[in-house]
Amino acid sequence: MTTTYDARAAARLGALGTKRNVRILAIETSCDETAAAIVQNGRTVLSSAVHTQIPLHVPYGGVVPEIASRSHVTKIGPVVGKALADAGMMLADADAVAVTNGPGLVGALLVGLSYAKGLAYAAGLPFLGVHHIASHIAANYLTHPELRPPFVCLVVSGGHSEIIAVEGYDRYRLIGSTRDDAAGEAFDKAARALGLPYPGGPNLEALAEGGDPNRYSFHSAFNEGAGFDFSFSGIKTALVNRLEQARRSGEAVDRADLAASFQRTIVEILTEKAVRAARSQPGETGGKLALAGGVSANKALRAALEQRARAQGIAFYCPEFRYCTDNAAMVGAAAYEKLCAGRVDALSLNAVPYLAIGTAPDGA
Ligand code: KG4
Ligand code: ZN
């Protein structure tokens, strides 16, 4: 008699209660990193393999979706193989398979999603779709195993800039968000204007290191308002205009000073809003502030946020550098509580490019 996938996965799920260590094979392909990891009990990384596509996209100045999808197809097998081998495991040793199913580039997402489904089906393992931003937030659990909701999290990535109250492992309340460009997007666009190669954020940070952060001023009335939303498009345009004005008049501008001043402005806005948002939250929630997303790798932002939070008596958390930008360990961390609650997904789960956080994995 043959047993269906659903019956096999349900049996594996049922057996989890008796296990001391639950190990999730996690996969991430939402943008330009092909990543796989094994995470134990949602907090311990047994292995984390990341293949970055950055060199493939550099000639185009940004991520080319078609190139990203094709590269994921060739790398997903070796990357998953490496994650299993580094953890000394076979596929059958995993207790579940988790994968990012949105938001992200749809073609890129589909590669990881299809591969994860194939593995889950072949080994009869429970299967879980994970929200990309929930994963970035969960990266904090890997570095700070003692951290538990509720807390406030500033999420700053290439596609997102949000202040979120994390009320439970799968309960999120939006406090503030960007009106236009995400913080990472602003860094990337400003970097391009300064003639820096992709990826802009880390290159702009490196240029800013030798610059004077107080040389130029990028005043922004919207961001000085009392709300928790921010806007970065005007600041980026101010920088572009400053460069253009200098080019026309033949005036020399110090690129390092411009980069440092731009970075200071973004960091000040994010820090001011995030700390004020945390202070506005009642009880335990406002006592803890976490940072997440690719821009959390920015040292000026980490330092400013930590200092301002501490000064207000707020505990500060941020992931170690390797878990700031896209990786799969954070996917395993985010999937763990969902798995323990038995909230697994069907193999019919689709990729959802604009998935809102806190909604069902299929976007419903
Ligand atoms: O989270 P992530 O790896 O991918 C998305 O989900 O978007 O974030 C990538 C973004 C890019 O915009 C990149 O320029 C930015 O994070 N980023 C940085 C730094 N490292 C990455 N921005 C500023 N400073 C950095 N050190
Ligand atoms: Zn990301």
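This briefing walks through a predicted model, starting with a five-stranded sheet and moving on to a zinc site, a kinked helix and a set of hairpins.

Because this is a predicted model, local features need pLDDT of at least 70 and side-chain atom pairs count only at pLDDT 80 or more, while totals for chains, interfaces and linings use all residues. Residues are numbered from 1 along each chain as its sequence is written, chains are lettered from A and ligands numbered from 1 in the order in which they are written, and side-chain values use heavy atoms, with hydrogens and water left out.

**The five-stranded sheet**

- The strand order is β8-β7-β6-β9-β10, in an open sheet with mixed pairing; helices (H or I, at least four residues) and strands (E, at least two) are DSSP runs numbered from the N terminus, and two strands pair if DSSP finds at least two bridges between them.
- At the edges sit β8 (171-177) and β10 (315-317), each pairing on one side only.
- Neighbouring strands are turned against each other by 25 degrees on average, direction ignored; axes are lines fitted to C-alpha atoms, for helices over the stretch in contact, and angles run from 0 to 180 degrees between N-to-C directions.
- β6 and β7 run antiparallel and are joined by six bridges, with V155 partnered by E162 of β7; the two strands form a hairpin with four residues between them.
- On to β9: β6 runs parallel to β9 with four bridges, and L154 has L291 of β9 as its bridge partner.
- β9 (residues 288-292) in turn runs parallel to β10, joined by three bridges, where L289 is partnered by F316.

**Cover on the sheet**

- Side chains in a regular strand alternate between the two faces of the sheet.
- In β6, F151, C153 and V155 lie on one side and V152, L154 and V156 on the other, and all are buried; buried means under 20% relative accessible area, exposed over 50% and partly exposed in between, with a 1.4 Å probe and protein chains only.
- Helix α9 (residues 255-280) lies across β6 (151-156), β7 (161-168), β8 and β9, at about 160 degrees to β6.
- Helix α10 (residues 299-311) also packs on the sheet, touching β6, β9 and β10 (contact means heavy atoms within 4.5 Å), and its direction makes about 175 degrees with that of β9.

**The zinc site**

- H132 (NE2), H136 (NE2) and D326 (OD) coordinate the zinc ion (ligand 2) at 2.1 Å; donors are N, O and S atoms within 2.8 Å of the metal (3.2 Å for Na, K and Ca), and water is not among the atoms, so sites may look incomplete.
- Along the chain, the donors follow the spacing H-x3-H-x189-D.
- H132 belongs to helix α5 (residues 132-143) and D326 to the loop between β10 and α11 (329-340), so this pair ties together parts 194 residues apart in sequence.
- H132 counts as buried because its relative accessibility is 7%, and D326 does too, at 12%.

**Helix α3**

- The 22 residues of α3 (residues 65-86) should span 32 Å at 1.5 Å a residue, and the end C-alpha atoms, 29 Å apart, agree with that; the expected span is 1.5 Å times one less than the number of residues.
- A kink of about 45 degrees lies at K75, shortly before the proline P78; the bend at a residue is the angle between axes fitted to the seven residues ending there and the seven starting there.
- Buried residues of α3 include A68, H72, I76, V79 and A83, and their cover includes β1 (23-28), β2 (33-40), β3 (44-52), α2 (54-57) and α4 (106-123).
- After α3 comes G88, with a positive phi near 65 degrees.

**The hairpins of β1, β2 and β3**

- β1 and β2 form a hairpin with four residues between them, pairing in the antiparallel sense over six bridges; L25 has I38 of β2 as its partner.
- β2 and β3 are also antiparallel, over eight bridges, and E33 has T52 of β3 as its partner.
- In this second hairpin, with three residues between the strands, N41 takes a positive phi near 50 degrees.
- E33, A35, A37 and V39 point one way from β2 and T34, A36, I38 and Q40 the other, all of them buried.

**A buried glutamate**

- E205, in helix α7 (residues 200-208), counts as buried because its relative accessibility is 10%.
- Leaving aside residues up to four places away in sequence, E205 touches Q263, A297, N298, K299 and A300.
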